[in-house]
Amino acid sequence: MGTANPATVLAEARKALFIMAGFIAVIWIIQIVNWADHYQLSFRYGITPHDVGSLPDILTAPFLHFSWAHIEGNSGPLFIFGFIAAYRGIRKFLGVTVLIVLTSGLAAWLTESGGSVGAGASGLVFGYFGYIMVRGFFDRHAIDLLIGAVMALSFAYQFTVLVPQAGIGWQAHIGGLVGGVLGAWVFRDRRPGKAVAAARPAPSKPTAAGSPPAGGSRADLHKQLDDLGL
């Protein structure tokens, strides 16, 4: 974390752990209620493309799923990617999250087929994935470059669901990925520039030979005249 001390790093990591554990708990509680209601919450508060009245549902769709397999498939990557994205600072993480939710939701709303309904946290998953992969490049942190490379290699299979497939909201996935990369740039560490050197005193103007320095006393003038034999 740059110049942050280990205690600060540990405190932020602890917050990240609690936040992601809490978020996973919330979406599972909602899933139980949703399942008991035959997934009416997903249909009611999911994203309906091209429907202006459904624009606010961009904010609720990430909390909703359409089946147990759906939420199970999202929960593991969401927790892992979310924790790694958040351990460097919760405030930055929240800003990145809002940006991903907007780009993922708008991509689904603008490009998916009319009459369908989209929901799920997979847009966030891909958003955090994209953020982790490029964050080290923008922040110029060697450890984050290494983490991004390892995560990209370990979860390369995730890219297979970015191609068009029936029944998968790949548009939201791409939108989330773009939002994560954009978030890494928007919320990058801005290091202060080099300190401006202290201004040096302006050099005094040279004086003609034999002329008295400005502000000199009369005694100094007489001394110089004596030295010159005048």
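Biologist: Why is Phe138 called partly exposed?
Modeller: In this predicted model, the relative accessible area of Phe138 is 22%. Buried requires under 20% and exposed requires over 50%. Because 22% lies in between, Phe138 counts as partly exposed.

Biologist: What makes Phe137 exposed?
Modeller: Phe137 has a relative accessibility of 58%. The cut-off for exposed is over 50%, so Phe137 is placed in that class.

Biologist: How many helices and how many strands does the chain have?
Modeller: The chain has eight helices and zero strands. Read from the N terminus, the order of elements is α-α-α-α-α-α-α-α. Of its 230 residues, 37% are buried.

Biologist: What does the pLDDT say about the chain?
Modeller: The average over the chain is 84, and 78% of the residues reach at least 70. For residues 194-199, however, the pLDDT falls below 50, and this stretch makes zero contacts beyond near neighbours in sequence. Where pLDDT is low, coordinates should not be read in detail.

Biologist: Which pair of rings joins helix H1 to helix H3, and what is it called?
Modeller: A search of the whole structure returns eight aromatic pairs. One of them is Trp28 with Trp68, whose ring centres are 5.7 Å apart and whose planes are at 35 degrees. The centres are within 6.5 Å, so the rings pair; the angle is neither under 30 degrees nor over 60, so the pair is tilted. Trp28 belongs to helix H1 and Trp68 to helix H3, so the pair ties together parts that are 40 residues apart in sequence. Trp28, at 28% relative accessibility, is partly exposed; Trp68, with a relative accessible area of 28%, is partly exposed as well.

Biologist: Why are Phe137 and Phe138 called edge-to-face?
Modeller: Their planes make an angle of 70 degrees, with 5.4 Å from centre to centre. An angle over 60 degrees is edge-to-face, so the pair gets that name.

Biologist: Which residues form one aromatic cluster?
Modeller: Trp28, Trp35 and Trp68.

Biologist: How do you know that Glu12 and Lys15 form a salt bridge?
Modeller: The N to O distance between their side chains is 3.6 Å. The limit is within 4 Å, so the pair qualifies. Glu12 and Lys15 are three residues apart in helix H1 (residues 6-36), and therefore about one helical turn separates them. Glu12 is buried at 15% relative accessible area, whereas Lys15 is partly exposed at 43%.

Biologist: How many salt bridges does the structure hold, and which partner does Asp139 have at 3.1 Å?
Modeller: The structure holds seven. Asp139 pairs with Arg88, with 3.1 Å between the closest N and O atoms. Asp139 is in helix H5 (residues 122-139) and Arg88 is in the loop between helix H3 (68-86) and helix H4 (90-111), so this bridge ties together parts that are 51 residues apart in sequence. Both Asp139 and Arg88 are buried.

Biologist: Why are Arg135 and Asp144 called buried?
Modeller: Arg135 has a relative accessible area of 1%, and Asp144 has a relative accessibility of 1%. Buried means under 20%, so Arg135 and Asp144 meet the condition. These two form a salt bridge, their closest N and O atoms being 3.5 Å apart.

Biologist: Which residues are linked in a network of salt bridges?
Modeller: The network links Arg88, Lys92, Arg135, Asp139, Asp144 and Asp189.

Biologist: Which residues have the most contacts inside the largest nonpolar core?
Modeller: Leu78, Phe81, Leu124, Tyr128 and Met151, in a core of 35 residues. At least two residues of this core come from each of H1, H3, H4, H5 and helix H7 (170-186). H4 gives the most, with seven residues.

Biologist: What does Leu78 touch, leaving aside residues up to four places away in sequence?
Modeller: Leu78 touches Met20, Phe23, Ile24, Ile27, Ala121, Leu124, Val125 and Tyr128.

Biologist: What share of the contacts with a separation of 6 or more comes from residues 24 or more positions apart?
Modeller: Such residues account for 78% of those contacts in the chain.

Biologist: What supplies the exposed area of the chain?
Modeller: Carbon and sulfur atoms supply 69% of the area, which is about 13300 Å² for the chain.

Definitions and conventions:
Residues are numbered from 1 along each chain as its sequence is written. This is a predicted model: local features need pLDDT of at least 70, side-chain atom pairs count only at pLDDT 80 or more; totals for chains, interfaces and linings use all residues. Side-chain values use heavy atoms; hydrogens and water are left out. Helices (H or I, at least four residues) and strands (E, at least two) are DSSP runs, numbered from the N terminus. Buried means under 20% relative accessible area, exposed over 50%, partly exposed in between (1.4 Å probe, protein chains only). Contact means heavy atoms within 4.5 Å. Accessible areas come from the Shrake-Rupley method with a 1.4 Å probe; for residues, only the protein chains shown count as cover. pLDDT is the predictor's confidence in each residue, from 0 to 100. Rings of Phe, Tyr and Trp (its six-membered ring) pair if their centres lie within 6.5 Å; planes under 30 degrees apart count as stacked, over 60 as edge-to-face and the rest as tilted. A nonpolar core is a set of buried Ala, Val, Leu, Ile, Met, Phe, Trp, Tyr and Cys residues joined through side-chain atoms within 4.5 Å.
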